[in-house]
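Okay, everyone, thanks for coming. I'll put the model up on the screen and then walk you through it chain by chain.

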Amino acid sequence: MRAARVLLRPVGFAGFGLLTLVLLAAAFGPVLWGGRAAAVDTGNLLAGPSAEHWIGTDNLGRDLFARVLVAARLSILLAVAATAISLLLGILLGAAPMLLGRRLGRLVTSAVNVLVAFPGLLLVLFFAVVFGVGARGAVLAVGVAGAPAFARLCHTLMAAVSERDYIAVARIAGVSRIRVLLRHVLPNVAEPLVVNATMAAGGVLLTFAGLSFLGLGVQAPSYDWGKLMQDGLNGIYVHPLAALGPGIAVVLAGLAFNLTGEAFAAMFGLGDSPGRSRSLEEPREPVAATPAVPGTVLSVEGLRVTIPGPAGPIRAVRGVTFSVSDGEAVGVVGESGSGKSLTALALAGLIEPPVRVEAGHLVVAGEDLMAAGAHRRLGTSLAIVFQDPMTSFNPAHRVGPQLAEVSRFHQRIGRRAALARAVDRLRAVRIREPERRARQYPFEFSGGMRQRAMIGMGLMGDPRLIIADEPTTALDVTVQRQVLELLAEVRRDTGAALLLISHDVSVVTDVCDRVLVMYAGRVVEELPAKDLRTLARHPYTRALVAAVPDMDTDLSRPLAVIPGLPADPVHVPAGCAFAPRCPLADDHCRAVAPALVAGVACHKATEVPV
Amino acid sequence: MKIPTSGRWPRFALRRAARLLVSLWVLVTAAFLMIHLVPGDPVRAALGPTAPADLVLARKQELGLLEPLWRQYVTFLRHLLSGELGVSISSRLPVGETIAQRLPATAQLAVAAFLLAVAVAVPVGVAMATLTRRGRGRRVELAFTSTNVVIGAIPDFLLGVGLVYLLAVQTHLFPVAGRDGLDSYVLPVLALAIGPAAVLSRIVRVEMLAVLETDYVRTARAKRLASLRVHLVHALPNAVTATLTLGGLLLSSLVAGTVLVENVFAWPGLGSSIVSSIVAKDYPMVQGTVLVYGVGVLLVNTLVDVVLALLDPRSAIGES
């Protein structure tokens, strides 16, 4: 079944098809064309291609096409033999830690590591000296030279397997080491080994052709593809196909092994070929342009974010409308998957195709983000603090220049002055010894320090709005407090507005003036932060608040949770998205989606006792 | 780049030097043992079955093969330290002299090919990553990956033969073989560089695709930097660090790959001499050449690690 699927993919089809042809030539070539390949025709020496001799004849008038086909058997046999030697030696060396015990095993492993550093061809030449010139010597040389790479692979694979419980059980049960290897370890690493051996066989085939080409491999009167190429090269002026013909055969055979290996790898899930995701171009619903609300630093209407997916477009944000006044702090809360982080990224203009952003209007810090060229001007007026400070700084650059870059690029300040400002901003976000710290790399900073430096980066310009996407989630509790206090202080000093995205209800109530509650890509309630715990009307908001334990929570009882699962963004129900989890929902709720009226989107808002 | 004054650099240098020394010792010992691993009598094999017995004996005496193994090893090491590589059996010339004469031609070829491969692979990889990012440009992606697989499957000496046919035999643009003037470099360098360039560009693309999705590139975009700056200053260095490890492996296999290509182009380098010495069983010559190749590879690997540590300081503290 799986094999059939692999065959249907272009790589698998091409690989298996080529491999079948090559193997057929190897099996029947000498039988079918052996006579023709050996027939000397003195009247037709070194002839060019003709209807009778497709790629001409050699210096004894023998048909080269037939010789190429006949050479398939020897070429393939030698390659397979050498691969088998590599594989066998590789398994033995790779299993050394398991067979010989820890100390000897480590010695073997480090020897393998030293050998792997040398290129294969150099090892081949070394062993070719030892084993002597000729087909037998070359097989041994190529085989032994390939062993270190296999040993490294086996070692890695076996190390992963031998950690597993059933190996430990077998050991404790007193099963002998060799038996453990043969019965328990090898079957579990066989798949990747076979895949790699198949691909390696392709490489070995080419190496072998190279050796014969150099005159170190197959010797006359035997011939493989490399030998044919060597014979052909001398006459390349008069008769180029004599050298190119066997060359093409080598490449095709090499490709056959490689592609087959790749196809197997994809089948076993070892390769890196990603699954195809269809890019769905569905008709866009037109969004009517609307003017921004005056006196605001952020104004958005009907924001929609759509992600194309294999099972249909995911409507992650489905019409979000709100605004933030100058200097105001607005919080956005909701479960993961409610679309709050995508809303933040869309507002920051950081969403890239194929994810689609649409809105009636989207005005941030006076810039219309739906218009071209507005993004660049946001560099100084919008500050963004991301969730994970550990990954949000560029590991390859020092912290100071990463901050200074903002001023250098947007305010056209010189390198030195920009760096001085960066140091000053680091000091402003309470980083001790800012001069020294500015010269350090991000990995030398702690998580809390990085988040403060990130806030400092936003302060390089003159921000009117700070968008903070879960700024404290990745930090531990004591550091969370410091970062929140720093944000509050920055707002006092600069008068910037704040849009704080968080799943943490208590953080939002502490920091913000106003709260938006999001569920399944929509704002379901909007209310003053101080009323969140007491005056919420939407059943989801109330459930969310109830799920937060406080000092009065009875710890002897299970903590409150919201029953059910968040809405599936691919199949959002027609009615209220919260209806399947809502204790108050009726048929009307399930059929008609409620609009956000007077701060709440719920048909039952009036029935909820406050 | 200024080196920070903390303790991790000396420790890195120490660890890396130790690894280099161990590898060197393995190489030297292997080269020494090579002649002893040859089954039968190596000198008899070299001189042929018709050579008189006393000549074989004299040569053995000359090569020091009659002494106990440990003393031969000590002498070998002592000679090596004073830069002596012995005398060729067939040409009777000092091996060191021959190598010194032929090494520059090989090194020029390898370095030029490596530089060309990198100069082609990095822009191509970056461009392909940008064009095919997030499911865009499916056709471009398919064309790129399939050409890449095919080119990667053609060994360098075959490319050499193909290039000779196309650009020398057919069009007479470049000389068929030999080392004479700048245009004689074009074909061998191309033959060596095309394969590594294909492999490297594929890796640059994959690395670049991964880096473009990272949080710190999002940060760079949040700073509203020019797209060129985001790609080249923020993304590329991180993609290159990962690419370099493989680039180093490629360079060292390039050093060895010269052997085949030199034979295609009758290039007067080490590659053609090692093959003829293997065929002629000229063991001192082979020994010396293998040593030089091996040392070259080890130096390249060390150099790559150092550059890697400078580009990405974390790799200097981590277990390497």
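So, let's start with chain A: of its 610 residues, 47% are buried. Keep in mind that this is a predicted model, with an ipTM of 0.82 and a pTM of 0.77.

What does chain A consist of, in terms of helices and strands? The count is 23 helices and eleven strands. As for overall dimensions, the C-alpha trace of chain A spans about 105 × 60 × 60 Å along its principal axes. The radius of gyration of chain A is 35 Å, whereas a compact globule of 610 residues would come out near 25 Å. And if you take the contacts in chain A between residues at least 6 apart in sequence, 66% of them join residues at least 24 apart.

Let me zoom in on one helix, α6 of chain A, residues 120–131. Its twelve residues reach 16 Å from the first C-alpha to the last, close to the 16 Å you'd expect at 1.5 Å a residue. Is α6(A) mostly covered or mostly open? Mostly covered: eleven of the twelve residues are buried. Among them are A:Leu121, A:Leu122 and A:Leu123, plus A:Phe126, A:Phe127 and A:Phe131. Right after α6(A) comes A:Gly132, with a positive phi near 85°.

Staying with phi for a moment, here are two arginines. Most residues other than glycine have a negative phi. A:Arg412 isn't a glycine, yet its phi is positive, about 55°. You'll find A:Arg412 in the loop between α15 (399–410) and α16 (415–428) of chain A. Over in chain B, B:Arg224 also isn't a glycine and has a positive phi of about 55°; B:Arg224 sits in the loop between α9 (215–222) and α10 (227–264) of chain B.

Now, buried or exposed? A:Arg412 counts as exposed because it has 8 C-beta neighbours inside 10 Å. B:Arg224 has 23 C-beta neighbours inside 10 Å, so it counts as buried.

On to chain B and how far to trust it. Chain B averages a pLDDT of 82, and 94% of the residues score at least 70. Within chain B, confidence is highest in helix α5 (residues 95–131), at 89, and lowest in helix α13 (residues 314–317), at a mean of 60. Over residues 1–5 of chain B the pLDDT drops below 50, and that stretch has two contacts in the model beyond near neighbours in sequence. Where pLDDT is low, the predicted coordinates should not be read in detail.

The domain assignment splits chain B into domain 1 (9–81) and domain 2 (97–317). Taken over C-alpha atoms, the centres of those two domains of chain B are 32 Å apart. How many residues of domain 1 of chain B touch domain 2 of chain B? It's 14, in contact with twelve residues of domain 2. On the domain 1 side, α1(B) gives the most, with eleven residues. By class, that side has twelve nonpolar, one polar and one charged residues.

Last stop, the contact between the chains: 57 residues come from chain B and 57 from chain A. On the chain B side, the elements supplying at least two residues each include α1 (8–37), α6 (138–153) and α12 (283–311). The largest share there comes from α10(B), with twelve residues. That side of chain B divides into 35 nonpolar, 14 polar and eight charged residues.

Okay, over to you.

Terms used:
Residues are numbered from 1 along each chain as its sequence is written. Chains are lettered from A and ligands numbered from 1 in the order in which they are written. This is a predicted model: local features need pLDDT of at least 70, side-chain atom pairs count only at pLDDT 80 or more; totals for chains, interfaces and linings use all residues. Helices (H or I, at least four residues) and strands (E, at least two) are DSSP runs, numbered from the N terminus. A residue is buried if 20 or more other C-beta atoms lie within 10 Å of its own, exposed if 12 or fewer, and partly exposed in between; C-beta atoms are placed from the backbone. Two residues are in contact if their C-beta atoms, placed from the backbone, lie within 7 Å. Ala, Val, Leu, Ile, Met, Phe, Trp, Tyr, Cys and Pro count as nonpolar, Asp, Glu, Lys and Arg as charged, and the others, Gly among them, as polar. pLDDT is the predictor's confidence in each residue, from 0 to 100. The radius of gyration is taken over C-alpha atoms; the globule rule is 2.2 Å times the number of residues to the power 0.38. The expected span of a helix is 1.5 Å times one less than its number of residues. Domain bounds come from an automatic or database domain assignment.
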